[in-house]
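Subject: Structure handover

Hello,

I am passing on the structure below, with notes on what came out of it. Please read them with the model open beside you.

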Amino acid sequence: MKRYRKKDLLETVSAWIQVNDSITRSASSTAPFEAAEELEKCQQEAIDLGSYLESIRDLDCTPMVGILEDYCENIYQMSVNIQDENLCRKLSKKIRKQLIQLQNAITYDMKPDKKEIVFLPYKAAMWDSLESVWKAAQEDDNCDAYVIPISYFDKNPDGSFREEHYEGDLYPEYVPITRYDEYDFEKRKPEIIYIHNAYDNWNLVTSVHPKFYSNNLKKWTQKLVYIPYFVLNEVDPDNEQAVEGVKHFCFMPGIINADAVIVQSEEMKRIYVNEFLKAAKEHGLQGRHVDRAYLEQKFLGLGSPKYDRILATRKEDLEVPQEWLKVIEKADGSRKKIILYNTGIAALLAYDEKWVDKIENALNTFKENQDEVALLWRPHPLIESTMQSMRPAVLQKYAMLKERYLAEGWGIYDETADVDRAVVLSDAYYGDGSSVVQLYQQTGKPVMIQNVEIIL
(Lines give C-alpha, C1' and ligand atoms only; values in the text may rest on other atoms or scores of the structure.)
Protein backbone atom coordinates (compact mmCIF):
# COMPACT_ATOMS: atom_id res chain seq x y z
CA MET A 1 0.00 0.00 0.00
CA LYS A 2 1.28 3.45 -0.86
CA ARG A 3 2.40 5.48 2.15
CA TYR A 4 1.18 9.07 2.29
CA ARG A 5 2.53 11.92 4.31
CA LYS A 6 0.32 14.79 5.37
CA LYS A 7 1.77 17.07 2.73
CA ASP A 8 1.18 14.35 0.11
CA LEU A 9 -2.48 14.15 1.09
CA LEU A 10 -2.93 17.90 0.84
CA GLU A 11 -1.17 18.02 -2.54
CA THR A 12 -3.41 15.19 -3.83
CA VAL A 13 -6.61 16.91 -2.75
CA SER A 14 -5.40 20.21 -4.27
CA ALA A 15 -4.83 18.38 -7.56
CA TRP A 16 -8.40 17.02 -7.45
CA ILE A 17 -9.76 20.52 -6.90
CA GLN A 18 -7.79 21.75 -9.93
CA VAL A 19 -9.16 18.91 -12.09
CA ASN A 20 -12.69 19.64 -10.92
CA ASP A 21 -12.38 23.38 -11.59
CA SER A 22 -10.78 22.78 -14.97
CA ILE A 23 -13.57 20.47 -16.16
CA THR A 24 -16.22 22.87 -14.89
CA ARG A 25 -14.71 25.93 -16.58
CA SER A 26 -14.61 24.21 -19.95
CA ALA A 27 -17.56 21.84 -19.60
CA SER A 28 -19.05 22.77 -22.96
CA SER A 29 -15.78 22.34 -24.87
CA THR A 30 -14.17 19.47 -22.93
CA ALA A 31 -13.74 16.25 -24.89
CA PRO A 32 -15.98 13.75 -23.05
CA PHE A 33 -13.49 10.92 -23.31
CA GLU A 34 -10.59 12.99 -21.90
CA ALA A 35 -12.71 14.35 -19.06
CA ALA A 36 -13.94 10.85 -18.15
CA GLU A 37 -10.32 9.63 -18.10
CA GLU A 38 -9.30 12.42 -15.72
CA LEU A 39 -12.24 11.70 -13.41
CA GLU A 40 -11.54 7.96 -13.45
CA LYS A 41 -7.95 8.67 -12.43
CA CYS A 42 -9.16 10.86 -9.53
CA GLN A 43 -11.59 8.14 -8.47
CA GLN A 44 -8.86 5.51 -8.29
CA GLU A 45 -6.61 7.86 -6.32
CA ALA A 46 -9.49 8.51 -3.90
CA ILE A 47 -10.04 4.77 -3.42
CA ASP A 48 -6.30 4.28 -2.71
CA LEU A 49 -6.28 7.19 -0.29
CA GLY A 50 -9.38 5.87 1.49
CA SER A 51 -7.71 2.48 1.93
CA TYR A 52 -4.67 4.18 3.41
CA LEU A 53 -6.75 6.24 5.84
CA GLU A 54 -8.58 3.12 7.00
CA SER A 55 -5.20 1.55 7.80
CA ILE A 56 -4.26 4.31 10.26
CA ARG A 57 -4.80 2.88 13.72
CA ASP A 58 -4.20 5.89 15.96
CA LEU A 59 -6.68 8.24 14.27
CA ASP A 60 -10.43 7.95 13.57
CA CYS A 61 -10.54 8.65 9.84
CA THR A 62 -14.18 7.62 9.40
CA PRO A 63 -15.39 11.18 8.53
CA MET A 64 -12.65 11.60 5.89
CA VAL A 65 -13.36 8.17 4.40
CA GLY A 66 -17.03 9.13 4.23
CA ILE A 67 -16.19 12.32 2.32
CA LEU A 68 -14.07 10.29 -0.10
CA GLU A 69 -16.92 7.84 -0.71
CA ASP A 70 -19.31 10.71 -1.51
CA TYR A 71 -16.64 12.30 -3.71
CA CYS A 72 -16.23 9.05 -5.67
CA GLU A 73 -19.99 8.82 -6.22
CA ASN A 74 -20.18 12.42 -7.43
CA ILE A 75 -17.28 12.16 -9.89
CA TYR A 76 -18.81 8.93 -11.21
CA GLN A 77 -22.08 10.77 -11.83
CA MET A 78 -20.14 13.58 -13.49
CA SER A 79 -18.25 11.17 -15.75
CA VAL A 80 -21.42 9.45 -17.03
CA ASN A 81 -23.20 12.78 -17.50
CA ILE A 82 -20.23 14.78 -18.78
CA GLN A 83 -22.21 16.22 -21.69
CA ASP A 84 -24.94 17.56 -19.40
CA GLU A 85 -23.38 20.95 -18.63
CA ASN A 86 -25.95 22.04 -16.02
CA LEU A 87 -25.74 18.78 -14.05
CA CYS A 88 -21.94 18.84 -14.18
CA ARG A 89 -21.85 22.35 -12.75
CA LYS A 90 -24.15 21.31 -9.87
CA LEU A 91 -22.01 18.24 -9.16
CA SER A 92 -18.88 20.36 -9.38
CA LYS A 93 -20.11 22.66 -6.60
CA LYS A 94 -20.78 19.65 -4.37
CA ILE A 95 -17.38 18.18 -5.19
CA ARG A 96 -15.54 21.41 -4.44
CA LYS A 97 -17.29 21.72 -1.08
CA GLN A 98 -16.43 18.10 -0.23
CA LEU A 99 -12.78 18.53 -1.15
CA ILE A 100 -12.41 21.69 0.92
CA GLN A 101 -13.94 19.80 3.88
CA LEU A 102 -11.40 17.04 3.26
CA GLN A 103 -8.55 19.56 3.14
CA ASN A 104 -9.63 21.04 6.46
CA ALA A 105 -9.95 17.61 8.07
CA ILE A 106 -6.43 16.64 6.93
CA THR A 107 -5.01 19.99 8.03
CA TYR A 108 -6.55 20.12 11.50
CA ASP A 109 -7.31 16.53 12.50
CA MET A 110 -4.21 14.68 11.34
CA LYS A 111 -0.94 14.76 13.23
CA PRO A 112 1.99 16.62 11.67
CA ASP A 113 4.16 14.56 9.35
CA LYS A 114 6.92 12.59 10.95
CA LYS A 115 10.36 13.63 9.82
CA GLU A 116 11.65 11.08 7.32
CA ILE A 117 15.36 10.35 7.77
CA VAL A 118 17.40 8.10 5.49
CA PHE A 119 20.78 6.51 6.19
CA LEU A 120 22.83 5.46 3.17
CA PRO A 121 25.73 3.24 4.24
CA TYR A 122 27.61 1.30 1.59
CA LYS A 123 30.10 -0.98 3.40
CA ALA A 124 28.49 -2.92 6.25
CA ALA A 125 31.81 -2.82 8.12
CA MET A 126 31.44 0.97 8.28
CA TRP A 127 27.89 1.00 9.64
CA ASP A 128 29.21 1.85 13.11
CA SER A 129 29.85 5.40 11.87
CA LEU A 130 26.08 5.94 11.58
CA GLU A 131 24.52 3.53 14.05
CA SER A 132 24.11 5.70 17.15
CA VAL A 133 22.54 8.48 15.07
CA TRP A 134 20.15 5.96 13.52
CA LYS A 135 19.24 4.60 16.97
CA ALA A 136 18.37 8.09 18.18
CA ALA A 137 16.16 8.66 15.13
CA GLN A 138 14.60 5.21 15.49
CA GLU A 139 13.60 5.96 19.08
CA ASP A 140 12.15 9.40 18.25
CA ASP A 141 8.36 9.21 17.87
CA ASN A 142 8.51 12.16 15.48
CA CYS A 143 10.84 10.39 13.04
CA ASP A 144 10.63 7.60 10.50
CA ALA A 145 14.15 6.27 9.99
CA TYR A 146 15.22 4.12 7.03
CA VAL A 147 18.51 2.28 6.61
CA ILE A 148 19.11 1.85 2.89
CA PRO A 149 22.45 0.22 2.05
CA ILE A 150 23.58 1.25 -1.44
CA SER A 151 25.62 -0.75 -3.90
CA TYR A 152 29.21 0.07 -4.79
CA PHE A 153 31.77 -0.89 -7.42
CA ASP A 154 35.41 -1.87 -7.33
CA LYS A 155 37.49 0.10 -9.81
CA ASN A 156 40.05 -0.99 -12.39
CA PRO A 157 43.41 0.84 -12.59
CA ASP A 158 41.98 2.98 -15.44
CA GLY A 159 39.06 4.11 -13.27
CA SER A 160 36.40 2.00 -14.97
CA PHE A 161 33.97 0.02 -12.83
CA ARG A 162 34.55 -3.66 -12.10
CA GLU A 163 32.38 -5.81 -9.79
CA GLU A 164 29.26 -4.41 -8.18
CA HIS A 165 28.67 -5.22 -4.49
CA TYR A 166 25.61 -4.99 -2.27
CA GLU A 167 25.95 -5.78 1.46
CA GLY A 168 22.40 -5.33 2.66
CA ASP A 169 22.41 -8.83 4.17
CA LEU A 170 25.46 -8.18 6.38
CA TYR A 171 23.97 -5.69 8.84
CA PRO A 172 23.01 -6.57 12.42
CA GLU A 173 19.68 -8.37 12.75
CA TYR A 174 18.21 -5.51 14.79
CA VAL A 175 18.68 -3.06 11.89
CA PRO A 176 15.67 -3.14 9.51
CA ILE A 177 16.92 -2.83 5.94
CA THR A 178 15.15 -1.21 2.99
CA ARG A 179 16.48 -1.99 -0.48
CA TYR A 180 17.70 1.04 -2.41
CA ASP A 181 15.57 0.08 -5.43
CA GLU A 182 12.39 -0.06 -3.31
CA TYR A 183 12.57 3.52 -2.04
CA ASP A 184 11.60 6.33 -4.42
CA PHE A 185 13.92 9.18 -3.43
CA GLU A 186 12.51 11.64 -5.97
CA LYS A 187 8.93 11.21 -4.75
CA ARG A 188 9.57 10.84 -1.03
CA LYS A 189 12.23 13.53 -0.68
CA PRO A 190 13.29 12.69 2.91
CA GLU A 191 14.00 15.63 5.17
CA ILE A 192 17.50 14.36 6.04
CA ILE A 193 19.93 11.98 4.32
CA TYR A 194 23.03 10.74 6.16
CA ILE A 195 26.06 9.44 4.25
CA HIS A 196 29.47 8.16 5.35
CA ASN A 197 31.18 8.12 1.96
CA ALA A 198 32.01 11.56 0.56
CA TYR A 199 34.31 10.57 -2.31
CA ASP A 200 31.78 10.21 -5.16
CA ASN A 201 33.95 9.67 -8.24
CA TRP A 202 37.19 10.85 -6.57
CA ASN A 203 38.05 7.48 -5.01
CA LEU A 204 40.54 5.42 -7.05
CA VAL A 205 39.56 2.10 -5.45
CA THR A 206 35.76 2.02 -5.14
CA SER A 207 32.73 4.09 -6.04
CA VAL A 208 29.22 4.06 -4.70
CA HIS A 209 26.61 3.74 -7.44
CA PRO A 210 26.65 7.07 -9.35
CA LYS A 211 22.95 7.50 -8.62
CA PHE A 212 23.99 8.15 -5.02
CA TYR A 213 26.70 10.71 -5.65
CA SER A 214 26.20 13.67 -3.34
CA ASN A 215 25.16 16.10 -6.10
CA ASN A 216 22.18 13.81 -6.81
CA LEU A 217 21.32 13.34 -3.16
CA LYS A 218 21.14 17.11 -2.75
CA LYS A 219 18.21 17.16 -5.19
CA TRP A 220 16.24 14.75 -3.03
CA THR A 221 16.57 16.16 0.47
CA GLN A 222 16.38 19.33 2.50
CA LYS A 223 19.51 18.41 4.45
CA LEU A 224 22.46 16.22 3.46
CA VAL A 225 24.68 15.22 6.39
CA TYR A 226 28.12 13.62 6.09
CA ILE A 227 29.74 11.67 8.94
CA PRO A 228 33.16 10.16 8.13
CA TYR A 229 33.39 6.36 8.30
CA PHE A 230 36.78 6.76 9.98
CA VAL A 231 38.33 8.57 12.91
CA LEU A 232 41.71 10.28 12.68
CA ASN A 233 44.61 10.83 15.01
CA GLU A 234 43.94 14.01 16.92
CA VAL A 235 46.47 16.64 15.83
CA ASP A 236 47.14 20.22 16.83
CA PRO A 237 45.40 22.54 14.33
CA ASP A 238 48.37 24.89 14.60
CA ASN A 239 50.89 22.17 13.72
CA GLU A 240 51.23 22.60 9.95
CA GLN A 241 53.20 19.40 9.45
CA ALA A 242 50.64 17.31 11.34
CA VAL A 243 47.73 18.95 9.53
CA GLU A 244 49.39 18.17 6.20
CA GLY A 245 48.78 14.47 6.88
CA VAL A 246 45.00 14.81 7.30
CA LYS A 247 44.00 17.78 5.15
CA HIS A 248 43.04 15.63 2.13
CA PHE A 249 40.09 14.31 4.15
CA CYS A 250 38.67 17.83 4.48
CA PHE A 251 37.74 18.60 0.88
CA MET A 252 35.73 16.05 -1.10
CA PRO A 253 32.54 16.20 -3.22
CA GLY A 254 30.32 14.96 -0.41
CA ILE A 255 31.72 17.59 1.93
CA ILE A 256 31.23 20.34 -0.65
CA ASN A 257 27.61 19.31 -1.21
CA ALA A 258 26.72 18.49 2.41
CA ASP A 259 24.66 20.88 4.51
CA ALA A 260 26.32 19.58 7.67
CA VAL A 261 29.52 17.65 8.40
CA ILE A 262 29.92 15.95 11.78
CA VAL A 263 33.52 15.35 12.85
CA GLN A 264 35.10 13.73 15.87
CA SER A 265 36.12 16.79 17.95
CA GLU A 266 36.22 20.56 18.13
CA GLU A 267 39.94 20.49 17.32
CA MET A 268 39.26 18.44 14.21
CA LYS A 269 36.49 20.89 13.28
CA ARG A 270 39.06 23.70 13.25
CA ILE A 271 41.20 21.71 10.84
CA TYR A 272 38.26 20.92 8.55
CA VAL A 273 37.11 24.54 8.43
CA ASN A 274 40.61 25.90 7.76
CA GLU A 275 41.54 23.32 5.13
CA PHE A 276 38.16 23.36 3.40
CA LEU A 277 38.35 27.14 3.12
CA LYS A 278 41.83 27.00 1.56
CA ALA A 279 40.87 24.26 -0.90
CA ALA A 280 37.58 25.95 -1.84
CA LYS A 281 39.43 29.13 -2.79
CA GLU A 282 42.02 27.14 -4.76
CA HIS A 283 39.22 25.41 -6.70
CA GLY A 284 37.46 28.68 -7.45
CA LEU A 285 34.36 28.02 -5.33
CA GLN A 286 32.34 31.04 -4.28
CA GLY A 287 29.55 32.15 -1.99
CA ARG A 288 29.00 30.23 1.22
CA HIS A 289 31.80 27.77 0.37
CA VAL A 290 34.31 30.52 1.16
CA ASP A 291 32.34 32.12 3.99
CA ARG A 292 34.06 31.22 7.26
CA ALA A 293 31.02 32.15 9.35
CA TYR A 294 28.89 29.70 7.32
CA LEU A 295 31.54 26.97 7.53
CA GLU A 296 31.69 27.36 11.31
CA GLN A 297 28.01 26.39 11.34
CA LYS A 298 28.33 23.65 8.72
CA PHE A 299 31.13 21.72 10.44
CA LEU A 300 30.18 20.33 13.84
CA GLY A 301 32.67 18.78 16.27
CA LEU A 302 30.08 16.56 17.96
CA GLY A 303 32.15 13.36 18.15
CA SER A 304 32.08 10.15 16.15
CA PRO A 305 29.28 7.56 16.40
CA LYS A 306 32.07 4.99 16.10
CA TYR A 307 33.08 5.89 19.66
CA ASP A 308 29.47 5.51 20.82
CA ARG A 309 29.29 2.02 19.32
CA ILE A 310 32.58 0.75 20.71
CA LEU A 311 31.86 2.03 24.22
CA ALA A 312 28.41 0.42 24.19
CA THR A 313 29.72 -3.01 23.12
CA ARG A 314 30.32 -5.42 26.03
CA LYS A 315 32.54 -8.49 25.82
CA GLU A 316 29.97 -10.66 27.61
CA ASP A 317 27.38 -9.85 24.91
CA LEU A 318 29.56 -10.89 21.99
CA GLU A 319 28.72 -13.90 19.86
CA VAL A 320 32.05 -15.59 19.23
CA PRO A 321 32.10 -18.08 16.31
CA GLN A 322 32.91 -21.67 17.23
CA GLU A 323 35.87 -21.75 14.85
CA TRP A 324 37.33 -18.73 16.65
CA LEU A 325 36.95 -20.46 20.02
CA LYS A 326 39.05 -23.35 18.74
CA VAL A 327 41.90 -20.88 18.28
CA ILE A 328 41.27 -18.86 21.44
CA GLU A 329 40.80 -21.61 24.03
CA LYS A 330 43.62 -23.70 25.50
CA ALA A 331 43.30 -27.43 26.19
CA ASP A 332 42.39 -26.74 29.84
CA GLY A 333 39.52 -24.41 28.82
CA SER A 334 41.26 -21.17 29.70
CA ARG A 335 41.73 -18.50 27.08
CA LYS A 336 44.87 -17.25 25.44
CA LYS A 337 45.67 -13.57 25.14
CA ILE A 338 44.06 -12.33 21.93
CA ILE A 339 46.00 -9.91 19.72
CA LEU A 340 44.13 -7.91 17.11
CA TYR A 341 46.45 -7.69 14.11
CA ASN A 342 45.14 -4.90 11.89
CA THR A 343 46.65 -4.26 8.46
CA GLY A 344 45.70 -1.13 6.54
CA ILE A 345 45.72 0.64 3.22
CA ALA A 346 48.09 3.52 4.01
CA ALA A 347 50.93 1.15 4.89
CA LEU A 348 50.28 -0.92 1.76
CA LEU A 349 50.52 2.15 -0.47
CA ALA A 350 53.65 3.38 1.28
CA TYR A 351 55.65 0.14 1.32
CA ASP A 352 54.28 -2.20 -1.39
CA GLU A 353 55.97 -5.63 -1.25
CA LYS A 354 57.95 -4.74 1.85
CA TRP A 355 54.59 -4.44 3.64
CA VAL A 356 53.68 -8.00 2.62
CA ASP A 357 57.10 -9.18 3.86
CA LYS A 358 56.40 -7.51 7.20
CA ILE A 359 53.03 -9.27 7.48
CA GLU A 360 54.66 -12.62 6.71
CA ASN A 361 57.29 -11.96 9.37
CA ALA A 362 54.64 -11.02 11.93
CA LEU A 363 52.56 -14.11 11.15
CA ASN A 364 55.58 -16.36 11.60
CA THR A 365 56.28 -14.79 15.00
CA PHE A 366 52.71 -15.24 16.19
CA LYS A 367 52.63 -18.79 14.85
CA GLU A 368 55.65 -19.68 16.99
CA ASN A 369 53.76 -18.38 20.05
CA GLN A 370 50.32 -19.78 19.24
CA ASP A 371 50.16 -21.82 22.46
CA GLU A 372 49.92 -18.64 24.51
CA VAL A 373 48.66 -16.05 22.06
CA ALA A 374 45.68 -16.15 19.68
CA LEU A 375 46.07 -13.98 16.60
CA LEU A 376 43.00 -12.22 15.20
CA TRP A 377 44.05 -10.86 11.81
CA ARG A 378 41.68 -8.24 10.44
CA PRO A 379 42.72 -6.49 7.21
CA HIS A 380 41.06 -3.31 6.01
CA PRO A 381 37.84 -4.34 4.21
CA LEU A 382 39.01 -2.69 0.97
CA ILE A 383 42.59 -3.99 1.05
CA GLU A 384 42.35 -6.39 -1.89
CA SER A 385 40.26 -3.98 -3.95
CA THR A 386 42.96 -1.39 -3.37
CA MET A 387 45.64 -3.79 -4.56
CA GLN A 388 43.71 -4.62 -7.71
CA SER A 389 43.26 -0.93 -8.53
CA MET A 390 46.54 0.57 -7.33
CA ARG A 391 49.08 -2.17 -6.48
CA PRO A 392 48.32 -5.15 -8.75
CA ALA A 393 51.95 -6.37 -8.56
CA VAL A 394 51.57 -6.99 -4.81
CA LEU A 395 48.28 -8.86 -5.00
CA GLN A 396 49.55 -12.32 -5.93
CA LYS A 397 52.13 -12.41 -3.14
CA TYR A 398 49.58 -11.19 -0.60
CA ALA A 399 46.94 -13.67 -1.79
CA MET A 400 49.37 -16.58 -1.40
CA LEU A 401 50.26 -15.45 2.13
CA LYS A 402 46.58 -15.14 3.08
CA GLU A 403 45.76 -18.54 1.57
CA ARG A 404 48.54 -20.23 3.55
CA TYR A 405 47.40 -18.58 6.78
CA LEU A 406 43.83 -19.77 6.22
CA ALA A 407 44.93 -23.29 5.32
CA GLU A 408 47.12 -23.69 8.42
CA GLY A 409 44.23 -22.68 10.67
CA TRP A 410 46.23 -21.69 13.75
CA GLY A 411 44.87 -18.10 13.76
CA ILE A 412 41.65 -16.20 13.11
CA TYR A 413 41.01 -14.32 9.88
CA ASP A 414 38.25 -11.73 10.37
CA GLU A 415 36.67 -10.23 7.27
CA THR A 416 33.23 -9.74 8.81
CA ALA A 417 31.41 -6.42 8.96
CA ASP A 418 31.80 -6.14 12.76
CA VAL A 419 35.07 -4.43 13.68
CA ASP A 420 33.76 -3.69 17.19
CA ARG A 421 33.68 -7.39 18.05
CA ALA A 422 37.37 -7.69 17.22
CA VAL A 423 38.24 -4.58 19.22
CA VAL A 424 36.28 -5.58 22.32
CA LEU A 425 37.20 -9.28 22.25
CA SER A 426 40.96 -8.77 21.91
CA ASP A 427 43.41 -7.90 24.69
CA ALA A 428 45.85 -5.77 22.70
CA TYR A 429 46.33 -4.14 19.31
CA TYR A 430 49.24 -4.66 16.94
CA GLY A 431 49.47 -3.54 13.35
CA ASP A 432 49.37 -0.55 11.04
CA GLY A 433 48.25 2.89 11.98
CA SER A 434 44.59 3.36 11.01
CA SER A 435 41.28 4.64 12.31
CA VAL A 436 40.93 1.37 14.24
CA VAL A 437 43.77 2.60 16.46
CA GLN A 438 41.64 5.57 17.53
CA LEU A 439 38.80 3.20 18.40
CA TYR A 440 41.11 0.89 20.28
CA GLN A 441 42.49 3.70 22.39
CA GLN A 442 38.95 4.31 23.66
CA THR A 443 39.09 0.91 25.37
CA GLY A 444 42.25 1.73 27.33
CA LYS A 445 43.95 -1.48 26.15
CA PRO A 446 47.56 -1.58 24.84
CA VAL A 447 48.33 -0.46 21.30
CA MET A 448 51.55 -1.13 19.36
CA ILE A 449 52.12 0.09 15.80
CA GLN A 450 54.20 -2.19 13.61
CA ASN A 451 57.32 -0.83 11.91
CA VAL A 452 57.44 -2.17 8.38
CA GLU A 453 61.14 -1.35 8.18
CA ILE A 454 61.99 -3.87 10.90
CA ILE A 455 62.00 -7.56 9.97
CA LEU A 456 62.93 -9.92 12.80
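The largest cavity in this predicted model has a volume of about 70 Å³. Its lining is made up of Ile227, Pro228, Phe230, Val231, Leu232, Ile262, Val263, Gln264, Met268, Tyr272, Gly303 and Ser304. Sorted by class, that lining holds nine nonpolar and three polar residues, with no charged ones.

In total there are two cavities of 30 Å³ or more. The second largest has a volume of about 60 Å³. Leu120, Ile150, Ile195, Asn197, Asp200, Val208, Phe212 and Leu217 line this second cavity. Six of these residues are nonpolar, one is polar and one is charged.

Next, the sheet. Six strands form an open sheet, with parallel pairing, in the order β2-β1-β5-β7-β8-β9. Its edge strands are β2 (143–147) and β9 (299–300), each of which pairs on one side only. In general, strands of a sheet pair through backbone hydrogen bonds, in either a parallel or an antiparallel sense. Here, strand β8, residues 260–262, pairs with β9 in the parallel sense over two bridges. Isoleucine 262 stands opposite leucine 300 of β9, and Ile262 is also one of the residues lining the largest cavity.

Among the helices, α2 covers residues 32–55. Does the length of α2 agree or disagree with what its 24 residues should span? At 1.5 Å a residue the helix should span 34 Å, and its end C-alpha atoms are 35 Å apart, so the two agree. The buried residues in α2 are Ala35, Leu39, Cys42, Ala46, Leu49, Gly50, Tyr52 and Leu53. These buried residues pack against two helices, α1 (6–25) and α3 (62–80).

One residue to look at separately is proline 253, which lies in helix α9 (residues 253–257). Is proline 253 buried or exposed? Its relative accessibility is 10%, and the cut-off for buried is under 20%, so proline 253 counts as buried. Leaving aside residues up to four places away in sequence, proline 253 touches Ala198, Tyr199, Asp200, Trp202 and Ser214. Asp200 also appears in the lining of the second largest cavity. Proline 253 and tyrosine 213 are 40 residues apart along the chain, and their C-alpha atoms are separated by 8.4 Å.

Regards

Key:
Residues numbered from 1 in each chain as written. Predicted model: local features only at pLDDT ≥ 70, side-chain atom pairs only at ≥ 80, totals over all residues. Heavy atoms only, no water. 1 Å grid on protein atoms, 1.4 Å probe; cavity = no way out; pocket = protein on both sides within 12 Å on 5 of 7 lines; lining within 4 Å. Points joined across faces, edges and corners; volume = space filled by probe spheres on them. Nonpolar A, V, L, I, M, F, W, Y, C, P; charged D, E, K, R; others polar. Helix = DSSP H or I, 4+ residues; strand = E, 2+ residues; numbered from the N terminus. Expected span 1.5 Å × (residues − 1). Buried < 20%, exposed > 50% of the residue type's maximum accessible area, 1.4 Å probe, protein only. Contact = heavy atoms within 4.5 Å. Pairing = 2+ DSSP bridges.
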